[in-house]
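Trainee: Could you take me through one part of this model closely? I would like to look at a single helix pairing and then see what surrounds it.

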Amino acid sequence: MFGGGAHPPNSIERLIKEVRSMDVEGVEKCIEAGVRVNDPINPTGQTVLDLYVIEHAAMIEHALQVTGTPKEATLHFEHLEEAAFKVMKTLVDAGAVLSGSSSMMKRGFKQDGT
């Protein structure tokens, strides 16, 4: 097993996990291991770039809830955005595209469609 039951680096499930956590190094490892970035991640045919958009939107919404000084909140937001941009750039550079699906996947939607 990988990392205490984690998915192997060459699985779409692992790429999903890395995109959700905005971990650019994890995304890079998955791509280097041969994960195809445009494989569907659910029955509606959405891709990891669709998932990225949803996770990024949720991250922005979460940033508005950060407590602390305005400067601390802004710095936290800046760090989140930098990580998100790196993930998006890595995915797009690897050829990732949005599915064009008219139904956006909701947070918590599992790969098996439940």
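Mentor: Happily! In α3, the residues V48, L49, Y52, H56, M59, I60 and A63 meet F77, L80, E81, A84, F85, V87, M88, L91 and V92 of α4, where a contact means heavy atoms within 4.5 Å. Sorted by type, the residues of this contact are 14 nonpolar, one polar and one charged; here Ala, Val, Leu, Ile, Met, Phe, Trp, Tyr, Cys and Pro count as nonpolar, Asp, Glu, Lys and Arg as charged, and the others, Gly among them, as polar.

Before going on, please keep in mind that this is a predicted model, in which local features need pLDDT of at least 70 and side-chain atom pairs count only at pLDDT 80 or more, while totals for chains, interfaces and linings use all residues. Residues are numbered from 1 along each chain as its sequence is written, and side-chain values use heavy atoms, with hydrogens and water left out.

Now for the geometry of the pair. Helix α3 spans residues 48-63 and helix α4 residues 70-93; their axes lie 11 Å apart, at an angle of about 175 degrees. Axes are lines fitted to C-alpha atoms, for helices over the stretch in contact, and angles run from 0 to 180 degrees between N-to-C directions. The two helices are therefore roughly antiparallel to each other, a label for angles over 145 degrees (under 35 is roughly parallel, 65 to 115 roughly perpendicular, and the rest oblique).

The setting is helical: the protein has four helices and zero strands, giving the pattern α-α-α-α along the sequence. Helices (H or I, at least four residues) and strands (E, at least two) are DSSP runs, numbered from the N terminus. Among contacts with a separation of 6 or more, 72% join residues 24 or more positions apart.

From α3 we can follow a salt bridge to α1. The side chains of R20 and E55 meet there, N to O, at 3.5 Å; a salt bridge is a side-chain nitrogen of Lys or Arg within 4 Å of a carboxyl oxygen of Asp or Glu. This pair links distant parts of the chain, with R20 in helix α1, E55 in helix α3 and their positions 35 residues apart. At 9% relative accessibility E55 counts as buried, whereas R20, at 39%, counts as partly exposed. Buried means under 20% relative accessible area, exposed over 50%, and partly exposed in between (1.4 Å probe, protein chains only).

α4 has a salt bridge of its own, between D93 and K89, whose closest N and O atoms are 3.0 Å apart. Because they are four residues apart in helix α4, D93 and K89 are separated by about one helical turn. D93 counts as exposed at 54% relative accessibility, and K89 as partly exposed at 38%.

Back in α1 (residues 12-20), E18 and R14 are likewise four residues apart, so about one helical turn separates them. Their side chains form a salt bridge of 2.7 Å, N to O, and both E18 and R14 are buried. R14, K17 and E18 are linked in a salt-bridge network. The count for the protein comes to five salt bridges.

One last stop is M22, in the loop between α1 and α2 (24-32). Its phi is near 50 degrees, a positive value in a residue other than glycine. M22 is buried, with a relative accessible area of 11%.
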